[in-house]
Structures are given as C-alpha cells and as structure tokens.
Amino acid sequence: MTFASSYAHGFARVAAITIPSHPGEPDRNVPEIAAAARQAARQGACVAVFPEMCISGYTLDDLVFSERLLASVEKGIELLAKATSDCAELIVVGAPLRIAGQIYDCAVFLARGKVIALTPKVFLSSEAYEKRYFTSGAHLPADARWEAPQIPGASEAPIGNGIINIEDVAGLAVGAEVGSDGTAARSLALPLALQGASVIVNPAAYPATLEGGEQQRLLAGATSRRGICAYVSAGAGNGESSSDSAWDGRTFIYQDGSKIAETDPFPTDTRIALADIDLTALVNRRRRESSFADTQAGKIEKPGK
C-alpha cells in the first residue's frame, strides 16, 4: 500500500458484477465468474459481488432438484476457489446448495481459495415460486454444516446471517442478504449494520418490470442511509430467459443514501460497477448519529412510553 492508494486513506473499492448466464451449465458459468473476479481484482477491488445463483443460473425451475446439477454446482465452486486462490479479494457468488437434507439459495463467500461463509436466503419470493424449490434460511438447524469436504473451507464455514471482517482493510465488515431479502418487510440488512457491517452485499435475481428497477434502487438507497453503510447489488441478466420473464442485469452501489455507481440494464456481456466506499465517513457519521448509537445500545423505548 502506497500513499497514492485509496486504501491508505480509509477507502475500500467494491465491485458489483453481472455476467452472461448459462442456466444449468456451471462449467460455462464458472470461467466467466473467475475472469470477471480477476478483472475486478486488477482494478483494485477488495470485494466482488456476483448475481444470485450465478454458479448454476437462476432460471432452473425443477432442474434445481437434479442431483447431477447440484453436484456440478459443488464442483464449480471448487474450481472457482482454485481459479481465484491468488486473488486478494472477497468474492460473493450465488448457488443452490444441499445442506442438512434440503436445498438452500445461498450467498457463498470465498477468499484466497477457500469458502469462508455461507448466507442462505430467508425471504423466498412467491413470484418466482422459490418456496417450491428452496427452504428458507430461517429454518436452518443451528448445527448445520455444508458437507462438501472436497471444497477447501466448506465443511468449517459458518452458515447464517453473520458478518465477515476483512482484516486487511480497517473498518471493512461485510454482511449479506440474498435477492428478495432486500425487498422484504423485515430488513435483514439493518440488524447487520447495527452489529457493525459497513457493507451489505446482495447477490440478486429480480425479474425486469416497469417500476421494479427503481423500487430496488430506492430500497437500497434507504437501507444504506438508515444503516449508515454501503449497499452493493448485482443482478442476474443476459441468458436468464428460460421463462416468460426477463432479467435486466442491473448492478448498483449506494453509500449512505447516495448512488455512487451503476451499470446500464440489459447488457450483452460482463459489466462491472466499481466504487470506492469511504469507510472513514461511515464511521464518523455513525459516531455523530445519536439514534444509531442508541439503537446499537438497545436504548429504545416502546411507542407511548
């Protein structure tokens, strides 16, 4: 790190990435993910976020029950870990995983060639019939482990809505919500921010609608403002068209209520939104904002008291 580096002045560069998707073909998706992750690393990113279920593709329908596909997803994650083992960045990808006898829609965190954490989706989308295919992370057994010993770190990786502290970057702590978790009535992001997360990532797959993109951005901006944090969303896009819906591949990054990066919708190739998060500014505003500190300390009275 040199004086010219933004990291020397309290910043952290993050990337939200959308890639062309090949549903049901992890062997084609993984090389695209690895290439984009390495490109983001060359551009200085310490966190790279990819779309929901990007390892397998999102629009699988009943193919998600295929044992052969689920095995190929695990193989894909193993290959991705190897392909990015020399990248000094946190990589967040989406994948359907077999855990404790059920299938979960997960965000998988990888760093330096190993899996370090898993966050399962909690609020499954009724519009996409996700409850037909997946179990909510709210029902995950407390002692659950991902039994994938061939993947470095997988069997020991914690599972749940936890926070990852990046030791190499002071003040950088990452939490996740997955897809429609970001639009649920009960926020998963705000408790993570109160516990210390400075960046919330969302590997997402939202069908394109007239107002959907604007609503997602409004919610991300509001979450980043209320949580005094950054919000990084990467949406599934080109190739996710095996149903009567379309996916626009939106990526965007907010900090403390302000949009600081985004990519255009409906790309035909890989797109990367890059932004430098001012971690020092976030820390200072959290110190000044009395309501944030009071909520952290639990000093909140019930209405009418």
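Axes here are lines fitted to C-alpha atoms, for helices over the stretch in contact, and the angles between their N-to-C directions run from 0 to 180 degrees. The legends below describe close-up views of a predicted model.

**View 1. Helix α2 lies across three strands, β3, β4 and β5.**
Helix α2, which covers residues 67-83, runs at about 155° to strand β3 (90-99), and the other strands that it crosses are β4 (102-111) and β5. At 1.5 Å a residue, the 17 residues of α2 should span 24 Å, and this agrees with the 24 Å that separates its end C-alpha atoms. At the N-terminal end of α2, S66 acts as the cap, with a side-chain oxygen that lies 3.3 Å from the backbone nitrogen of R68. The buried residues of the helix include L69, L70, V73, I77 and L80, and also G76 and A81. The buried residues of α2 pack against helix α1 (26-42) as well as against β3, β4 and β5.

**View 2. An open sheet is formed by six strands.**
The strands follow the order β5-β4-β3-β2-β1-β12, and their pairing is mixed. Strands β5 (114-120) and β12 (271-278) stand at the edges with a single partner strand each, so one side of each is left without a neighbour in the sheet. From one strand to the next, the twist averages 30°. Within this sheet, β1 (residues 11-18) and β2 (residues 47-49) run parallel and are joined by three bridges, and A16 stands opposite V49 in β2. In general, the strands of a sheet pair through backbone hydrogen bonds, in either a parallel or an antiparallel sense.

**View 3. Strands β4 and β5 meet in a hairpin with two residues between them.**
The two strands run antiparallel and are joined by six bridges, and the bridge partner of L110 is V115 in β5. In this hairpin, R112 takes a positive phi near 50°. Although β5 stands at an edge of the sheet, five of its seven residues are buried, so the strand is largely enclosed by the rest of the structure.

**View 4. Strands β10 and β11 form another hairpin, again with two residues between the strands.**
Strand β10 (residues 251-255) pairs with strand β11 (residues 258-262) in the antiparallel sense over four bridges, and Q255 has S258 in β11 as its bridge partner. In the turn, D256 has a positive phi of about 50°. The side chains of E262 and K259 meet in a salt bridge, with 2.8 Å from N to O. E262 is partly exposed at a relative accessible area of 39%, and K259 also counts as partly exposed, at 40% relative accessibility. Salt bridges that share partners join D256 into one network with R225, R285 and E289.

**View 5. A salt bridge connects R98 and E74.**
The structure holds 18 salt bridges, and in the one shown here the side chains of R98 and E74 meet at 3.3 Å, N to O. The pair links distant parts of the chain, with R98 in strand β3 and E74 in helix α2, 24 residues apart. E74 is buried, with a relative accessible area of 8%, whereas R98 is partly exposed, at 27%. Another salt bridge is found between the side chains of K121 and E130, at 2.8 Å from N to O, and both K121 and E130 are buried.

**View 6. A275 is a buried residue in strand β12.**
With a relative accessible area of 6%, A275 falls under the 20% that defines a buried residue. Not counting residues up to four places away in sequence, A275 touches A12, R13 and V14, and also I253, I260 and A261. The C-alpha atoms of A275 and T183 are separated by 23 Å, and these residues are 92 residues apart along the chain.

**View 7. E147 is found in the loop between α3 and β6.**
The loop that holds E147 runs between α3 (130-133) and β6 (164-165). At 58% relative accessibility, E147 counts as exposed. E147 and A36 are 111 residues apart in sequence, and in space they are 28 Å apart, C-alpha to C-alpha.

Technical notes: Residues are numbered from 1 along each chain as its sequence is written. This is a predicted model: local features need pLDDT of at least 70, side-chain atom pairs count only at pLDDT 80 or more; totals for chains, interfaces and linings use all residues. Side-chain values use heavy atoms; hydrogens and water are left out. Two strands pair if DSSP finds at least two bridges between them. Contact means heavy atoms within 4.5 Å. The expected span of a helix is 1.5 Å times one less than its number of residues. Buried means under 20% relative accessible area, exposed over 50%, partly exposed in between (1.4 Å probe, protein chains only). A polar contact is a pair of N or O atoms within 3.5 Å; within protein, one must be able to donate a hydrogen and the other to accept it, and residues adjacent in sequence count only if both atoms are side-chain atoms. A salt bridge is a side-chain nitrogen of Lys or Arg within 4 Å of a carboxyl oxygen of Asp or Glu.
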